[in-house]
Structures are given as structure tokens and as C-alpha cells.
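Hi there,

Here is the structure I promised to pass on to you. Have a look at it first, and then read on for what turned up.

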Amino acid sequence: MSDSTQQADAREKRGISLIGLIALVISSSIGSGVFALSTDISAAAAPGPALIAWLITGIGFMALATTFGRLSIVRPDLNGIVDYAREGFGPFVGFVSGWGYWLSIWIGNVAFGVMLVTAIGYFYPPFAGNLSVAGVAFISILNWAIILLVNRGVEEASVLNAIVMVCKLVPIFAFILAMLVMFSFDVFTADFWGNLANNMANPELAPGTVGTQIINCFMVMMWVFVGMEGASVLGHRAQRKSDVSRATILGCTALVIIYVAASILPYGYLSREELMALGSPSMPYIFERVVGPWGGAFISGGLIISIFGAWLSYTILASEAMHGMARMRLLPSAFDKLNTFSAPTTCLITTGVMIQLLSIVMLFSERAYQFAYSLCTASIIISWTLAAGYMVKLRFDGRKRGTSAAPAVQVRGIDVGLAAFSVAFLVIAVLLSGVQQLMMCCIAYIPGIACYVWARVEQRQTVFTTRERLLAAILVAIGIFMIAQVAMNGIA
């Protein structure tokens, strides 16, 4: 056996450990969002409605995480959320899920890049303020450096990711501890439901009704969970398939605890109006008030490390998603090639190019970060919903599209209940708070559908069934409509 073959076998046997998978879940999700939660949540709601929104969101995502974990056990032959959609609802729906997931991840990387430049601006004033040409140049250099790193092998990158996870959690836990020490129930309950703010003369401070406040929290709360499906996406690279379920559930549990503490505890230190007045990301400014000037630098340094870790994780996930679609024959065969390090080079380069182009476009946007993360969240909800829907379908449909494989483990009633709750939560949340962003995503499906048609023609397979043709026509029609709306300045 040659040395290269032995090395390849060693990489195959090593895979990603349970700790590495948990690190992937946490590091993929904890990027920039947690550092801005105090300002974003306080702008949307008073502490009472924010707690209710977290209760709903936390239950929804724990149900989703449990569903992903169970799917990895019930159908260990399938690899990740895109494969679930393809297997359950056909090749074109699988493509819709995969393209939306890939779109979400690389747009999320652009959001990270914009926030990273802002964080560096704390130390380097030329980067402060709006995104500049120098900031885009920095984003570009880091983008291609991470692409090169992941191109050396996903398992090697996951080890670095675990180290980064530890480094990023230290400042977050220090912030949470400081908020526990400074917490005051009098401050926390001063305007618990936002009634006082609603009666003020300044309408900008009025949060609205309790229901409105809860709805306004959903998009930012869902954004900080993007990446929690990371262990499922990379399940085929795990040392043990059973680790995927444990990593997803444990990682998501940790995320819920961290996010609730980081966003709710500051209400007991500063009033809602004071939190809203802070700069974004707010965590450095709050910590600076508690411990002095060094605190802002400490948290900002943690933010920089956090974004790097999330960017690394997202790059891995984006390339794996595109390569997975090619393996499922949903994209042309050019995307199904691996280099000597078992990394999908073509997928990585394509992802890097898209990040590069959108980074340049962001030079002309005044709210680049918010725009990017809202699109990121809306597009990934498509993939989450279809994967959870597959669990429901497994219970009531013994026949599988494209394969005769049966579930390895019996689908339980509780599995279906949790999956159904996940679907209901995601659909209702996006319809209430992000339907316009969801429609905007259809613009990006137009070139994606062209790639799908190319792949089907290349494989000499039927391009669309009647239902798939209708779905494709609807996506293209919505995309064209939204292009027209943007051209006529019909969207703020």
C-alpha cells in the first residue's frame, strides 16, 4: 500500500470527534450575533416580552436540535439536512433546501466580515464607522486565507475550530458573570412589559404591544442559531455516527443558556433606553462600564476570535453543502471533486468568489450587517423546515423516494411531535417577522435553478416533474417580482 493511500485511510479513520462536533455546533452559531444581542433585543422588546420570545424560540430550537439528532439515528445512511429534503420530497426540493442552505452560510460569512471590521475599529480607528475600501480589502484577504486553510482538510480545520471555541467563550462567560454580579431586580422590573415606554412622547422608544414585541424578537433570535445544524451536515465525517445526535442536542442546549443569559441579564444592569443607546455590538460597551476601559478591549478581542471561528465553521459548512448537492447529483459533476486532502476545492473557490463579490457590493449599503444576517436567517429556515418535515413524513409514509432503505430505528410518536412543532414554529416565525426577506432569497434561486437544470441534463435525467416545474416557476416568478421591487425602490 502506498504512503498516500495509508495517509488517506488514516484521515478516514480519524474523522471528527464528539468534542469536535460539539465545537462545530457552538462555534458555528456563536459568531457576532451574541455580542450584539443586548442592543438588538432591547430595541425590539422590554424584558418581559423578550423572556416570552426566548421561551418560544428556545423550545422551538431544542425541538429542532432533537429532530436533527434523531434523524441521524433513524436514517444514518443519509448525510445532513439537504439529504433529508431530497430523500423525503424529491430531487428538486432537495436542491431548494441545499441551495438555500449554501446561500445562507456564505451570506452569513459576509455579515461576519462586516462585523469583524467594526470590531477591529475599536483598536484601529480607520476601520471604525461605515465599511470602507480598506475594510473590504481586509475581508478579502481573510476570506481567501480561510479558504486555503479549509482546502488543506476539513478534519484539520475542525481541530483549530475547537481551540477557537474555548477562546471565544472566555470573554462571553466573563460578561455573563459580571451581569450576574451587577444584576438588580429593581432595574429589571422597572418597565417589565414596556408600558412606560409606550406612554412616552418619543415614539422611537415605544416597543408596542406585548405580541408585537415578541414578533420583533424572532429574526434576531433565530439568526444566532444559524450553524446549529453543523454536526448534522458533517455527520458523514464523524468518528461515530451516534456522536452527531449527542453533539447537536448538547451544543444547542449550551447555546440557549448562553444566549438567554447574555441578552436578558443586562436588563438588570441598565434600563432598556440605556441599552438601546449603546453602540453595536453592545457587549464591549456594557462590560467597559462594569470593569473599566480594559473591558471593552477584552470583549472586542473575544469578538474578533469569535468571528474568526464562526467564519471558519461556515466556510466548512458551505463547501460541504455544495459538495453534498453534487454527490446527490443536484449540481454539475464539477462540484463533486476532492483534492488530495479530501477537500472540495471547486466548492470552496465558488464560495470564496461569492463572498468576495457580495463584500464589494456591501460598500454601497448603509446597513450591511443587518441586511446580510436577515437574508441569512430567512434562507436557512427553508432547509430547517424541510428537514423537520421529513421526520413527520417518515412516520406516515413507509416508501422513500429514490431508495428502498428503511429507517434503522423506529420513528417514535414523540419524534413526530417535536418535528411537527419545529415546522410550525419556523413557518409561523418567518411569516410573522421575515416574509419579505424570504421572498428576497428567491432572487438567488434563479441562477441556482439554472445550475440544477445543467446537472439534470448532464446526467440525462428528467429535469422536472409536473409539481417540480410548478415550484420552479413560482420561485422564478417571485424572484423576478422582487428584482422589480428593488429596481423601483419598493423595498427599504
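Let's start with one serine. Apart from its neighbours within four places in sequence, serine 306 is in contact with Ile30, Gly31, Phe35 and Lys168. Please keep in mind that this is a predicted model.

Where does serine 306 sit? You will find serine 306 in helix α16, which covers residues 293-327. Its relative accessible area is 0%, so serine 306 counts as buried, the cut-off being under 20%. One of its contacts, isoleucine 30, also takes part in a polar contact: the side chain of serine 306 reaches the backbone oxygen of isoleucine 30 at 3.1 Å.

Now for the rings. How many aromatic pairs does the structure hold? There are 29 aromatic pairs in the structure. In one of them, phenylalanine 183 and phenylalanine 188 lie 5.2 Å apart, centre to centre, with 50° between the planes, and this pair is tilted. Phenylalanine 183 is partly exposed, at a relative accessible area of 23%, whereas phenylalanine 188 is buried, at 9%.

Another pair joins phenylalanine 287 and tryptophan 294: the planes of their rings are at 85°, so this pair is edge-to-face, and the centres are 5.9 Å apart. The edge-to-face label follows because the angle is over 60 degrees. Phenylalanine 287 is buried, with a relative accessible area of 4%.

Finally, try picking out a cluster linked by ring pairs: it is made up of Phe92, Phe95, Trp99, Trp102, Trp106, Tyr445, Tyr452 and Phe464.

Enjoy exploring!

Terms used: Residues are numbered from 1 along each chain as its sequence is written. This is a predicted model: local features need pLDDT of at least 70, side-chain atom pairs count only at pLDDT 80 or more; totals for chains, interfaces and linings use all residues. Side-chain values use heavy atoms; hydrogens and water are left out. Helices (H or I, at least four residues) and strands (E, at least two) are DSSP runs, numbered from the N terminus. Buried means under 20% relative accessible area, exposed over 50%, partly exposed in between (1.4 Å probe, protein chains only). A polar contact is a pair of N or O atoms within 3.5 Å; within protein, one must be able to donate a hydrogen and the other to accept it, and residues adjacent in sequence count only if both atoms are side-chain atoms. Contact means heavy atoms within 4.5 Å. Rings of Phe, Tyr and Trp (its six-membered ring) pair if their centres lie within 6.5 Å; planes under 30 degrees apart count as stacked, over 60 as edge-to-face and the rest as tilted.
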